[in-house]
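The following note is intended for a colleague who has the sequence and the coordinates at hand. The points are numbered so that each may be checked in turn.

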Amino acid sequence: AAGLSANEISEMAASLAKVAPYSETALKSADALLLTFTHIGAETFPQAQEATANLATAMHMDLASAAEIVGRALETPDKATRSLRAANIVLSTSQQELISHMVATGDTAGAQAAILKMLEERFGGSAVAAGQTFGGQLEILKGKLEQNAEIIGGPFIGALAGAVRAISMVAPAVTAIGAVGGVSAIFAAISGAATTMGATVSAAF
């Protein structure tokens, strides 16, 4: 995206990975797809990234497919009706006319904003909400372990992964008795351990 460095985009993915059930690697791959749509500028890109995660979560599709839908809609707003149909979003006649008028008068940014607003109204908050569930917390933890794998090393990762698997096995029973808060605390502890060990080993080198 024009005006954004690779580091800035990477930081956005890392930030979203902390609250949504997607790994930083998966989010970066989706971002790479969004970057192929050259009309998505620096101001629009963060919203496009968030819209992609929300769409993928709400519609139970992979991030790549969601990025393709969002990217195409923003790249050519006047053809957004066709792109958004894949996400079961049907624009009203007035919405189509508004977007077409904006594009015709050179206000592409305004047309993109209108599309993002529609996506936000339909799917806004889906990714973060999913990240707060038990399954979402597990995915976030897995993502953190994945990011620290090369730094921490096999033995540490094996131990932490074993703990995650053990917690996963008792997840249904724990949820049933209403002890989700306790499990969340365990996730937080393991997640903190992964981050701390990664930082410590990294500092040592």
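1. Helix α6 covers residues 93-104, and its length can be checked by simple arithmetic: at 1.5 Å a residue, its 12 residues should span 16 Å, and the end C-alpha atoms are 16 Å apart, which agrees. The model is a predicted one. After α6 comes glycine 106, which has a positive phi, near 85°.

2. Glutamine 95 is placed in helix α6. Its relative accessibility is 27%; glutamine 95 therefore counts as partly exposed, since that class lies between the 20% limit for buried and the 50% limit for exposed. Setting aside residues up to four places away in sequence, glutamine 95 touches Val90 and Met118. A further pairing concerns alanine 111: glutamine 95 and alanine 111 are 16 residues apart in sequence, and their C-alpha atoms are 9.9 Å apart in space.

3. The largest nonpolar core holds 40 residues, and Val70, Leu84, Ile115 and Leu119 have the most contacts inside it. Two or more residues of this core come from each of α1 (6-17), α2 (24-34), α3 (45-59), α4 (63-75), α5 (80-85), α6 and α7 (108-123). Leucine 119 deserves separate mention: apart from neighbours within four places in sequence, leucine 119 is in contact with Ala51, Val70, Leu84, Ile89 and Gly124.

4. How many cavities of 30 Å³ or more does a search of the whole structure find? The search finds 1. The largest cavity has a volume of about 30 Å³. Its lining consists of Ala51, Asn54, Leu55, Leu119, Glu120, Phe123 and Gly124, and α3 and α7 each supply at least two of the lining residues. By class, the lining divides into 4 nonpolar residues, 2 polar and 1 charged. Leu119 thus appears in the cavity lining and also among the core residues with the most contacts.

5. Helix α3 passes the length check applied to α6. At 1.5 Å a residue, the 15 residues of α3 should span 21 Å, and its end C-alpha atoms are 21 Å apart, which agrees. The buried residues of α3 are Phe45, Ala48, Gln49, Ala51, Thr52, Ala53, Asn54, Leu55, Ala56 and Thr57. Their cover includes α1, α2, α4, α7 and α8 (126-131).

6. The two sides of α3 in sequence may be taken together. Threonine 44 is in the loop between α2 and α3. With a relative accessibility of 12%, threonine 44 counts as buried, because buried means under 20%. Residues up to four places away not being counted, threonine 44 touches Leu74, Gln112 and Leu116. Histidine 60 follows α3 and lies in the loop between α3 and α4. Is histidine 60 buried or exposed? Histidine 60 is exposed, as its relative accessible area is 72%.

7. Backbone angles call for a remark. Most residues other than glycine have a negative phi. Histidine 60 has a positive phi, near 55°. Asparagine 88, in the loop between α5 and α6, likewise has a positive phi, near 60°. Neither residue is a glycine.

8. Glycine 71 is placed in helix α4. At 0% relative accessibility, glycine 71 counts as buried. Which residues is glycine 71 in contact with, leaving aside neighbours within four places in sequence? They are Leu34, Phe37 and Ile40. Glycine 71 and aspartate 31 are separated by 40 residues in sequence and by 9.9 Å in space, C-alpha to C-alpha.

9. Some totals for the whole chain complete the note. The secondary structure comes to 11 helices and 0 strands, and the pattern along the sequence is α-α-α-α-α-α-α-α-α-α-α. Of the 205 residues, 39% count as buried. Among contacts with a separation of 6 or more, residues 24 or more positions apart account for 65%.

Technical notes
Residues numbered from 1 in each chain as written. Predicted model: local features only at pLDDT ≥ 70, side-chain atom pairs only at ≥ 80, totals over all residues. Heavy atoms only, no water. Helix = DSSP H or I, 4+ residues; strand = E, 2+ residues; numbered from the N terminus. Expected span 1.5 Å × (residues − 1). Buried < 20%, exposed > 50% of the residue type's maximum accessible area, 1.4 Å probe, protein only. Contact = heavy atoms within 4.5 Å. Core = buried A, V, L, I, M, F, W, Y, C linked by side-chain atoms within 4.5 Å. 1 Å grid on protein atoms, 1.4 Å probe; cavity = no way out; pocket = protein on both sides within 12 Å on 5 of 7 lines; lining within 4 Å. Points joined across faces, edges and corners; volume = space filled by probe spheres on them. Nonpolar A, V, L, I, M, F, W, Y, C, P; charged D, E, K, R; others polar.
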